[in-house]
Amino acid sequence: MRVGLLTGGGDCPGLNAVIRAVVRKGEFQYGDDLVGFLDGWKGVLERQTMPLDVEACRGILPKGGTMLGTSRTNPYKLEGGAQQALDNLRAERIDSLIAIGGDDTLGVANKLAKEGLVCVGVPKTIDNDLEGTEVTFGFHTAVQIASDAIDRLHTTAESHDRVMVVEVMGRHAGWIATEAGIAGGAAFILIPEEPFDIEDVCARLKSRHDRGRYASIVVVAEGAVPKEGTMEVQSGETDAFGHVRLGGIGNRVAASIGEKTGFETRVTILGHIQRGGTPTAFDRILATRFGIAAIDAVHDGATGQMVALQAGQIVRIPLSEAVGSSKTVDPELYHGVAEVFFG
Ligand code: F6P
């Protein structure tokens, strides 16, 4: 069988581990011919490919990023793009395509599957906001990086009696903020799911400092939003999937905390550091399990399906169940656990 692979959307630690697993089992056990499309759907539209075999994948397991490259190209935003993608895959004699991506990349795969493409999805995103899977690979690594950063910020915050605002990724869902905040002992966590009132944040920080604590960590997801009318926020440019480029809420929150409390406040925006570098062992293992399951799904003819983790087992679910909405933070985790430590 001739199997195509692509990685789309923001990169994520563990992508190479998926590619390696697909290639290893595809070549050694199924005798497949494997081909990588470069830079996500862009490589399909432009017929940019590379041959993939076990030799080409040597040494990639611990490496972050993706050996295939990635982009946020959306064939449905280009005139005739979807038909071009289908024609090119046919011209490349692809029997089945494995698309590794988040909501956007898998959303395209889902639509193309309805137009006849034989494909299987693998869920990826550091944001952990994809429906249908308990966790996506890359998330564990991002949480580890963010909580390591928070540990470092604690010591300098304590030396200077400062409030440290840490902005982490999380466009639609505050999974990284919530879990890194719990692991790092945050005094407040702001997430997109729970619009915040800056007065409440400041009141809780003041009460904490009144109890004799002069240093606090406030973790802010980049998509966190104030309650309507309580604070001004900026909006930026949008990408091919219509997402606004975020970043900046941490600065706004830090400035307000400084003004309203009089506490010296600093801000750290972790940005793409959270997405770079070597995956944790957990992410390597999950990515490897997903890769094996994806090539098995291809050979079982499970088209239009995505591999997912449910109750510790790898299962298959329809792509349509995974895309189109975000898996948001469990309110019990936020209110029942994280909030106990606020203020
Ligand atoms: O991968 C998802 C994500 O990490 C979002 O949290 C973030 O908003 C976005 O990627 C930023 O990606 P880029 O700067 O690469 O477009």
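What follows is a chat about a predicted model, its ligand site and its two open sheets.

Colleague: Ligand first. Which residues are around the ligand?

Modeller: Remember that this is a predicted model. The residues around the ligand are Arg 72, Ile 126, Asp 127, Met 169, Gly 170, Arg 171, Glu 222, His 272 and Arg 275.

Colleague: And how does that shell divide into nonpolar, polar and charged?

Modeller: Two are nonpolar, two polar and five charged.

Colleague: How far is an oxygen atom of the ligand from an N or O atom in the side chain of Glu 222?

Modeller: That distance is 2.6 Å. For His 272, a polar side-chain atom sits 2.8 Å from an oxygen atom of the ligand. Arg 275 also has a side-chain N or O atom at 2.8 Å from a ligand oxygen.

Colleague: OK, how much of the ligand's exposed area does the protein bury?

Modeller: The protein buries 82% of it, where the ligand taken alone exposes 400 Å².

Colleague: Switching to the fold. What's the strand order in the four-strand sheet?

Modeller: The order is 7-8-6-9, in an open sheet with parallel pairing. Strand 7 (188–190) and strand 9 (265–269) are at the edges, and each has a single partner strand, so one side of each lacks a neighbour in the sheet. From one strand to the next, the twist averages 20°.

Colleague: How many bridges join strand 6 to strand 9?

Modeller: Five, with strand 6 (residues 163–168) and strand 9 running parallel. As for a residue pair there, Glu 167 is opposite Ile 269 of strand 9.

Colleague: Which strands does helix 5 lie across?

Modeller: Helix 5 (residues 139–160) lies across strand 6, strand 8 (216–221) and strand 9, and it runs at about 165° to strand 6. There's also helix 6 (residues 175–184), which packs on the sheet and touches strand 6, strand 7 and strand 8. The direction of helix 6 makes about 170° with that of strand 7.

Colleague: Now the seven-strand sheet. Is the pairing there parallel, antiparallel or mixed, and what is the order?

Modeller: The pairing is mixed, and the order is 3-2-1-4-5-10-11 in an open sheet. Strand 3 (49–52) and strand 11 (313–318) are the edge strands, each pairing on one side only. The twist in this sheet averages 30° from one strand to the next.

Colleague: What about strand 4 and strand 5, how many bridges join them?

Modeller: Five bridges again join strand 4 (residues 96–101) to strand 5 (residues 119–123), and the two run parallel. Leu 97 has Cys 119 in strand 5 as its bridge partner.

Definitions and conventions: Residues are numbered from 1 along each chain as its sequence is written. This is a predicted model: local features need pLDDT of at least 70, side-chain atom pairs count only at pLDDT 80 or more; totals for chains, interfaces and linings use all residues. Side-chain values use heavy atoms; hydrogens and water are left out. A residue is near a molecule or strand if one of its heavy atoms lies within 4 Å of it. A polar contact is a pair of N or O atoms within 3.5 Å; within protein, one must be able to donate a hydrogen and the other to accept it, and residues adjacent in sequence count only if both atoms are side-chain atoms. Accessible areas come from the Shrake-Rupley method with a 1.4 Å probe; for residues, only the protein chains shown count as cover. Ala, Val, Leu, Ile, Met, Phe, Trp, Tyr, Cys and Pro count as nonpolar, Asp, Glu, Lys and Arg as charged, and the others, Gly among them, as polar. Two strands pair if DSSP finds at least two bridges between them. Axes are lines fitted to C-alpha atoms, for helices over the stretch in contact, and angles run from 0 to 180 degrees between N-to-C directions. Contact means heavy atoms within 4.5 Å.
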